[in-house]
Amino acid sequence: MSDTYGIAELAREFDVTTRTIRFYEDKGLLAPLRKGQRRVYASRDRVRLRLIMRGKRLGFSLDEIRQLIDLYDVDPSEVTQLRHFLDKIHEHKEILIGQQKDIAETLAEMERIEAQCSSLLSEKQKKRQTAN
DNA sequence: TTTCTTACA
DNA sequence: TGTAAGCA
């Protein structure tokens, strides 16, 4: 099982350009192995890229995504670090909970409008039938 | 052909 | 991030 990937391969899979993947590396979000000069991505890198894309969809900055991803593969040996990570987690959780609330409210709003439109439409249909 | 770095938009 | 130049 060749659990390694080339940059073009990952770019295709995640629908981004190779430039974008290198860009994320520059920003410290990715750290692929090197085979000479070529970048060799392991499955962990692929997982990371997946997390990056998800973070982007959630509206996090690359900097925030990096902090979030770092939480995954750092060994929790230092108490100080642990407290720091805990703070980061709380921070992100608050943002996500806030977004969750926004989504719920927007959804409720849309459903209200949807119901309003539906009843309006059925009303017009009734009038049409009455007229005919 | 593909990837890489660097630099500029 | 896109694009381009010059390499390997």
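# A guided tour of a protein on two DNA strands

By class, the surface near DNA strand B has 2 nonpolar, 1 polar and 5 charged residues, where near is said of a residue with a heavy atom within 4 Å of the strand, and where Ala, Val, Leu, Ile, Met, Phe, Trp, Tyr, Cys and Pro count as nonpolar, Asp, Glu, Lys and Arg as charged, and the others, Gly among them, as polar. The model is predicted, so that local features need pLDDT of at least 70 and side-chain atom pairs count only at pLDDT 80 or more, while totals for chains, interfaces and linings use all residues. Residues are numbered from 1 along each chain as its sequence is written, chains are lettered from A and ligands numbered from 1 in the order in which they are written, and side-chain values use heavy atoms, with hydrogens and water left out.

**Stop 1: DNA strand B.** Select Ile7, Ala8, Arg19, Arg22, Arg34, Gln37, Arg38 and Arg39, which surround DNA strand B. The elements α1 (7–14), α2 (18–26) and β3 (38–42) each supply at least two residues of this surface; helices (H or I, at least four residues) and strands (E, at least two) are DSSP runs, numbered from the N terminus. Of the strand B atoms within 4 Å of the protein, 79% belong to sugar or phosphate, and the rest to bases. Now show the polar contacts, that is, pairs of N or O atoms within 3.5 Å (within protein, one must be able to donate a hydrogen and the other to accept it, and residues adjacent in sequence count only if both atoms are side-chain atoms). An N or O atom in the side chain of Arg22 is 2.6 Å from a phosphate oxygen of DNA strand B, and a polar side-chain atom of Arg34 lies 3.0 Å from a phosphate oxygen of that strand. For Arg38, the partner at 2.6 Å from a side-chain N or O atom is a sugar or linking oxygen of DNA strand B.

**Stop 2: DNA strand C.** Select Thr17, Arg19, Thr20, Phe23, Tyr24 and Lys56, which surround DNA strand C. Here α2 gives the largest share of the surface, 4 residues. Of the strand C atoms within 4 Å of the protein, 44% belong to sugar or phosphate, and the rest to bases. A phosphate oxygen of DNA strand C is 3.0 Å from a side-chain N or O atom of Tyr24, and for Lys56 such a distance is 2.8 Å.

**Stop 3: helix α1 and the loop after it.** Colour Ile7, Leu10, Ala11 and Phe14, the buried residues of α1; buried means under 20% relative accessible area, exposed over 50%, and partly exposed in between (1.4 Å probe, protein chains only). Looking down the axis of α1, you will find these buried residues within an arc of 105°, so they line one face of the helix, the arc being that of the directions from the helix axis to the C-beta atoms. Move on to Asp15, in the loop between α1 and α2, where phi is near 55°, a positive value in a residue other than glycine. At 69% relative accessibility, Asp15 counts as exposed.

**Stop 4: His92.** Finally, select His92, in helix α5, which counts as buried at 4% relative accessibility. Not counting residues up to four places away in sequence, His92 touches Phe60, Glu64, Gln67 and Leu68, contact meaning heavy atoms within 4.5 Å.
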